[in-house]
Amino acid sequence: MARENFNDLLAFVTVAREGSFTRAAAQLGVSQSALSHTIRGLEARLGLRLLTRTTRSVAATEAGERLLNTVAPRFEEIEAELAALSELRDKPAGNIRITAAEHAANTVLWPKLAAFLPDYPDIKIEIIVNYGLIDIVAERYDAGVRLGDQVAKDMIAVRIAPDLRMAVVGSPTYFAKRAPPQTPHDLAAHDCINLRLQTYGGLYAWEFAKDGHELNVRVQGQLVFNGSPPILRAALAGFGMACVPEDMVQEHIAEGRLKRVLKEWCPAFPGYHLYYPSRRQSSPAFALLVDALRYRA
C-alpha cells in the first residue's frame, strides 16, 4: 500500500470514530480543511461515499462502516505492536484493565500487585470489581478473574490461586436459638444471608456436593447484600448463616466468633484463574503481570 493510502485510511478511521472533523483534525495534528480534502480524495479514488456530513455531525455510510470494521482493528494491532516494541527498548509500560469479584481482588490480586508494582512504576493497573460473568472483549478489559470452571474454552486461563472452598457459618448467638443444620435440606428452617448476583439480578444458590451428589439450595432470610464483606459482618452480628469463601472466616472460626456447619458438604473446587482472549497480542507489561500473578504451589 502506498504511504498516502495508509495515511488516508488513518484519517478516515479517526473521523469515523470521533464523529467530528474538528476533533479528528486536532487528534491528527492537521487542519480541518486538509483533513476534509484527504477524505474527499479517498472517496474519489474508491468511487464511494464513506461519510455523511451534516452541520452538526459526521457518520459513516454503509460502505464506510464496512471499511471501518475492516481497517480499524488492523490499526489497533499495529499500534499495539509498536507499543510492545517500544517497551523492549524502554521500561515496560502500559495500562492494563482487569475485572474481578471483590474476594479475588482483595485476597489474590492485591497482595501480588503490592509486591509487583513498585518495580514497574510505568505499568498502570485498573481493577473493576464485578461479580457478573461479563464479556471482557466487548467491555474492553485486558483480562478477567474467574473460578477455573467458569472460564470459557476459547480463553487462555492461568491459575493464580489454589483451590477454593466455601464455608457455611453462623455466630454462637444465632445457634443459641437454632439447632445447627445437619444437611443442606435443613437450611429451609434457617435464616440465611443472601448474595445478589449482578449479572442476572438473581440470588446466589448455595452449592453443595457430597459423595458425587451435587445440590444447589435457594435459601431465605432477612438480609440480601451484593458483596461478601457485609454478609460476613451480618453473620458475626447474629443475623443468620452465611456461605462465604473459607479463607474469609478461618480466623473467626478459630477464635470462636463463628461456628462452621455442613463442612463435609463443601468440597474444594478449582480456584481463581486469570483469563484473556487467545488472540490478544501480549505486551511485555502484560506478560510480566501474568507471570507475577501465576500461582506457584
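**Exercise 1. Find out why Cys266 forms no disulfide with Cys243.**

Step 1. Take the cut-off: a disulfide is a pair of cysteine sulfur atoms within 2.5 Å. In chemical terms, a disulfide is a covalent bond between the sulfur atoms of two cysteines.

Step 2. Check the distance. The closest cysteine sulfur to that of Cys266 belongs to Cys243 and is 5.9 Å away, which is too far for a bond.

Step 3. Try Cys192 as well. Its sulfur also has Cys243 as the closest cysteine, but at 9.1 Å, again too far for a bond.

Step 4. Add the surroundings. Cys266 is buried at 3% relative accessible area (buried means under 20%, exposed over 50%, partly exposed in between, with a 1.4 Å probe and protein chains only). Cys192 is buried too, at 1%. The structure holds zero disulfides.

Before going on, please note that this is a predicted model, in which local features need pLDDT of at least 70 and side-chain atom pairs count only at pLDDT 80 or more, while totals for chains, interfaces and linings use all residues. Residues are numbered from 1 along each chain as its sequence is written, and side-chain values use heavy atoms, with hydrogens and water left out.

**Exercise 2. Describe the salt bridge between Glu43 and Arg53.**

Step 1. Recall the rule: a side-chain nitrogen of Lys or Arg lies within 4 Å of a carboxyl oxygen of Asp or Glu.

Step 2. Apply it. The closest N and O atoms of Glu43 and Arg53 are 3.3 Å apart.

Step 3. Place the partners. Glu43 sits in helix 3 (residues 32-46) and Arg53 in strand 1 (residues 51-53), so the pair ties together parts that are ten residues apart in sequence. Helices (H or I, at least four residues) and strands (E, at least two) are DSSP runs, numbered from the N terminus.

Step 4. Compare the cover. Glu43 is buried at 9%, whereas Arg53 is partly exposed at 34%.

Step 5. Look at another pair. Glu255 and Arg257 meet in a salt bridge with an N to O distance of 2.5 Å; Glu255 is partly exposed at 48%, and Arg257 is partly exposed at 33%. Shared partners also join Arg165, Glu246 and Arg260 into one network of salt bridges. The count comes to twelve salt bridges.

**Exercise 3. Locate Arg140 and Asp211, and give the sign of phi in each.**

Step 1. Start with the background: most residues other than glycine have a negative phi.

Step 2. Read the angles. Arg140 has a positive phi of about 65 degrees, and Asp211 has a positive phi near 55 degrees.

Step 3. Locate them. Arg140 lies in the loop between strand 4 (123-129) and strand 5 (143-147). Asp211 lies in the loop between strand 9 (206-210) and strand 10 (213-217).

Step 4. Finish with accessibility. Arg140 is exposed at 63%, and Asp211 is exposed at 76%.

**Exercise 4. Which residues does Ser228 touch, leaving aside neighbours within four places in sequence?**

Step 1. Find Ser228 in helix 7 (residues 228-236). Ser228 is buried, at 10% relative accessibility.

Step 2. List the partners by the contact rule (heavy atoms within 4.5 Å): Glu102, Tyr131, Pro245 and Met248.

Step 3. Widen the view to the chain. Among contacts with a separation of 6 or more, 72% join residues 24 or more positions apart.
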